[in-house]
Amino acid sequence: MKNARLFAASALFAACWITSAQAANDIPNASSAGIAAKLMVRGTLEGVQVVDLRSQRRNDVMVVQAEMQNLTDKDVRVYYRFRWTDAAGMQVGDGEVWKPLMILGRQSQLIKGTAYGPQANDFKIEISAEPR
C-alpha cells in the first residue's frame with residue numbers, strides 16, 4: 001500500500017513537471033503577428049513572450065523598445081541583439097553583440113535599441129533563451 005502511494009505521488013509529480021515544461025513551449029513568442037514578424041527566435045523562448053514593441057525616430061535615428069514578459073514561474077535568461085537594415089534590406093553597421101537579460105518568473109523587462117545611424121529604417125530583434 002505504501003509503495004502504491006509512493007508510486008502514485010511520483011507519477012503525479014512527473015506528469016505535472018512534463019505538463020509545465022510543455023506549457024512553457026506552447027506559449028507563442030509574441031502576443032501578435034505584427035510583433036512576431038520583427039523577431040528572429042533561436043530555439044524556444046522558455047515561456048517568455050514579447051508583448052509590446054514600439055519604434056520611433058529621434059534625431060533622425062531609429063529607436064526601438066520592446067517589453068518581454070515571463071509567463072512561467074521559473075527564471076529565464078534571455079539573450080538578444082538588434083539587427084538594423086536600410087531601405088534595400090541590407091544590414092547597417094557591423095552587428096551587435098548578444099546582450100544577456102535575466103527575467104524572473106512572472107515578471108517583465110524592457111529592452112531598448114538604438115540604430116547606428118540615420119540610414120537604418122528597419123530592424124529585427126534576434127532572441128534566444130535558456131532556463132536558469
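Which residue in E3 does leucine 53 stand opposite? In this predicted model, leucine 53 stands opposite alanine 66. This pair belongs to a ladder between strand E2 (residues 48–58) and strand E3 (residues 61–70), which run antiparallel and are joined over ten bridges. Arginine 54 is likewise placed across from a residue of E3, namely glutamine 65. In a regular strand, the side chains alternate between the two faces of the sheet. The two strands E2 and E3 form a hairpin with two residues between them. Asparagine 59, in the turn, adopts a positive phi of about 55°.

The chain as a whole contains two helices and seven strands. Counted from the N terminus, the order of elements is α-α-β-β-β-β-β-β-β, with both helices thus preceding the strands. Contacts between residues at least 6 apart in sequence were examined for the chain, and 64% of them join residues at least 24 apart.

The strands are arranged in open sheets. One of these consists of three strands in the order E2-E3-E6, with antiparallel pairing. Its edges are formed by E2 and by strand E6 (108–114), each of which pairs on one side only. Neighbouring strands of this sheet are turned against each other by 15° on average, direction ignored.

Another open sheet comprises four strands in the order E1-E7-E4-E5, and its pairing is mixed. Strand E1 (39–42) and strand E5 (99–103) are the edge strands here, each pairing on one side only. In this four-stranded sheet, the average turn between neighbouring strands is 30°, direction ignored. Strands of a sheet pair through backbone hydrogen bonds, either parallel or antiparallel. Within the four-stranded sheet, strand E4 (residues 76–85) and strand E7 (residues 122–131) pair in the antiparallel sense over ten bridges. At one position of this pairing, tyrosine 79 stands opposite serine 128 in E7.

Burial and surface were also computed. Of the 132 residues of the chain, 32% count as buried. The largest nonpolar core has 27 residues, among which Met68, Trp84 and Ile125 touch the most other members. Two or more residues of this core are given by each of the elements E2, E3, E4, E5 and E7. Met68 lies within the span of E3, while Trp84 falls within E4 and Ile125 within E7. The exposed area of the chain amounts to about 8,200 Å², of which carbon and sulfur atoms supply 54%.

Key: Residues numbered from 1 in each chain as written. Predicted model: local features only at pLDDT ≥ 70, side-chain atom pairs only at ≥ 80, totals over all residues. Heavy atoms only, no water. Buried < 20%, exposed > 50% of the residue type's maximum accessible area, 1.4 Å probe, protein only. Contact = heavy atoms within 4.5 Å. Areas by Shrake-Rupley, 256 points an atom, 1.4 Å probe, with all protein chains shown as cover. Pairing = 2+ DSSP bridges. Axes fitted to C-alpha atoms, helices over the stretch in contact; angles between N-to-C directions. Core = buried A, V, L, I, M, F, W, Y, C linked by side-chain atoms within 4.5 Å.
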